[in-house]
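Here's a quick briefing to read alongside the model. Have the structure open and follow along by topic.

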Amino acid sequence: MSTFGTIFRVTTYGESHGKSVGCIVDNCPPGLPLVESDIQTQLSRRRPGQSDLTTPRDEKDLVTIQSGTEFGVTLGTPIGLSVPNKDQRPHDYSETDLYPRPSHADWTYLQKYGVKASSGGGRSSARETIGRVAAGAIAEKYLKLAHGIEIVAFVSSVSNVAMPFIQAEDESAFPQSFWDLLNVITREEVDKDIVRCPDQEISEEMRKRILEAKAANDSVGGTITCVIRNVPPGLGEPCFDKLEAKLAHAMLSIPATKGFEIGSGFKGTTLF
């Protein structure tokens with residue numbers, strides 16, 4: 001399935017090295033002020049090639065609203081969003097038909113469907129997340145205007161370099177600075193740093209760790225911490241559509257994501 005959601009419904013499309021990627025957003029409320037710059041801000045934050053820490057692929061990721069708005073306002077009809085792929089490099093993947101890449105979906109796609117995208121990861125590429133980010137920008141604007149909801153995320157660990165609360169053995173050991181941070185952190189503060197970590201000292205260590213792995217022709221993983229403020233009570237439905245279940249569903253479908261915690265998470269098992 002390439003569709004997520006029931007009321008506000010998002011369908012993403014496109015392959016990593018195809019002509020374009022994007023999404024269709026169904027059931028966005030009418031009358032919401034929406035122009036391309038509302039979406040472009042978020043796409044520019046995720047685009048590749050911003051620094052020596054990311055993929056060298058150079059994409060501007062300029063979005064075009066194809067449908068669903070008029071005179072800067074949503075119509076309540078499907079919103080079509082498209083982003084062209086400019087830096088296509090199919091020749092970089094000429095050997096993957098013979099030698100599927102480890103830890104990628106090449107072999108699985110071929111076994112399941114009998115065919116796969118000949119270049120890049122196709123639908124399993126992280127480039128698919130462009131549609132999610134574009135749709136998320138619309139959802140976030142509505143939630144902010146209608147309910148005052150604020151969403152901020154930041155990098156909290158890279159490899160074995162982590163902010164202090166990540167290193168704490170359980171929630172009771174979280175420093176007070178962590179709780180203070182969740183109350184006041186803003187996206188503008190996060191974006192001041194290229195690693196997207198609000199702790200400058202830790203961020204510099206993260207950067208060094210990433211570059212060490214890059215120099216060794218390797219890569220490292222990390223964790224993201226997200227805080228959502230002003231959430232009204234009662235969101236979600238029993239039993240399979242609990243809010244945390246929906247969040248986990250969305251997050252774990254992002255390529256290469258291997259874990260999801262909410263609240264105290266797994267550390268909650270050590271509280272006694």
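**Cysteines, cores and a helix face**

Let's start with Cys226, which is partly exposed, with a relative accessible area of 44%. Keep in mind that this is a predicted model. From there, the tour goes through the other cysteines, the cores, one helix and a strand residue.

**Cysteines**

- Cys226 has no partner to bond with: its closest cysteine sulfur, in Cys197, is 15 Å away, which is too far for a bond.
- Cys28 is buried, at just 2% relative accessible area.
- Cys28 isn't in a disulfide either, and the nearest cysteine sulfur, in Cys23, sits 11 Å off.
- The disulfide count comes out at zero, taking a pair of sulfurs within 2.5 Å as the cut-off.

**Nonpolar cores**

- As background, nonpolar side chains in soluble globular proteins tend to be buried together.
- The largest nonpolar core here has 21 residues, and those touching the most other members are Phe154, Met163, Phe165, Ile185, Cys197, Ile202 and Met206.
- Strand E8 (150–158), helix H5 (176–184) and helix H7 (200–215) are the elements that each give two or more residues to this core.
- E8 supplies the largest share, with four residues.
- Apart from this core lies another one of 19 residues, including Val25, Ile39, Val63 and Leu81.
- Back in the largest core, what does Met163 touch, leaving aside its neighbours within four places in sequence? Its contacts are Phe154, Val155, Ser156, Leu181, Cys197, Pro198, Asp199 and Ile202.

**Helix H5**

- Phe178, Leu181 and Leu182 are the buried residues to look for in H5.
- Looking down the axis of H5, the buried residues fall within an arc of 100°, so they line one face of the helix.
- Turned away from that buried side, the other face of H5 carries the exposed residues Gln176, Ser177, Asn183 and Val184.
- The packing partners for the buried residues of H5 are E8, helix H4 (164–167) and strand E10 (222–229).

**Thr225 in E10**

- Thr225 belongs to strand E10.
- Is Thr225 buried or exposed? Its relative accessibility is 13%, so Thr225 counts as buried, the cut-off being under 20%.
- The Thr225 side chain has a polar contact, at 2.9 Å, with the side chain of Ser156.
- Setting aside neighbours within four places in sequence, Thr225 is in contact with Val152, Ala153, Phe154, Ser156 and Phe165.
- Ser156 and Phe154 are worth a second look, as they turn up among the contacts of Met163 and among those of Thr225.

Definitions and conventions
Residues are numbered from 1 along each chain as its sequence is written. This is a predicted model: local features need pLDDT of at least 70, side-chain atom pairs count only at pLDDT 80 or more; totals for chains, interfaces and linings use all residues. Side-chain values use heavy atoms; hydrogens and water are left out. A nonpolar core is a set of buried Ala, Val, Leu, Ile, Met, Phe, Trp, Tyr and Cys residues joined through side-chain atoms within 4.5 Å. Buried means under 20% relative accessible area, exposed over 50%, partly exposed in between (1.4 Å probe, protein chains only). Contact means heavy atoms within 4.5 Å. The arc is that of the directions from the helix axis to the C-beta atoms. A polar contact is a pair of N or O atoms within 3.5 Å; within protein, one must be able to donate a hydrogen and the other to accept it, and residues adjacent in sequence count only if both atoms are side-chain atoms.
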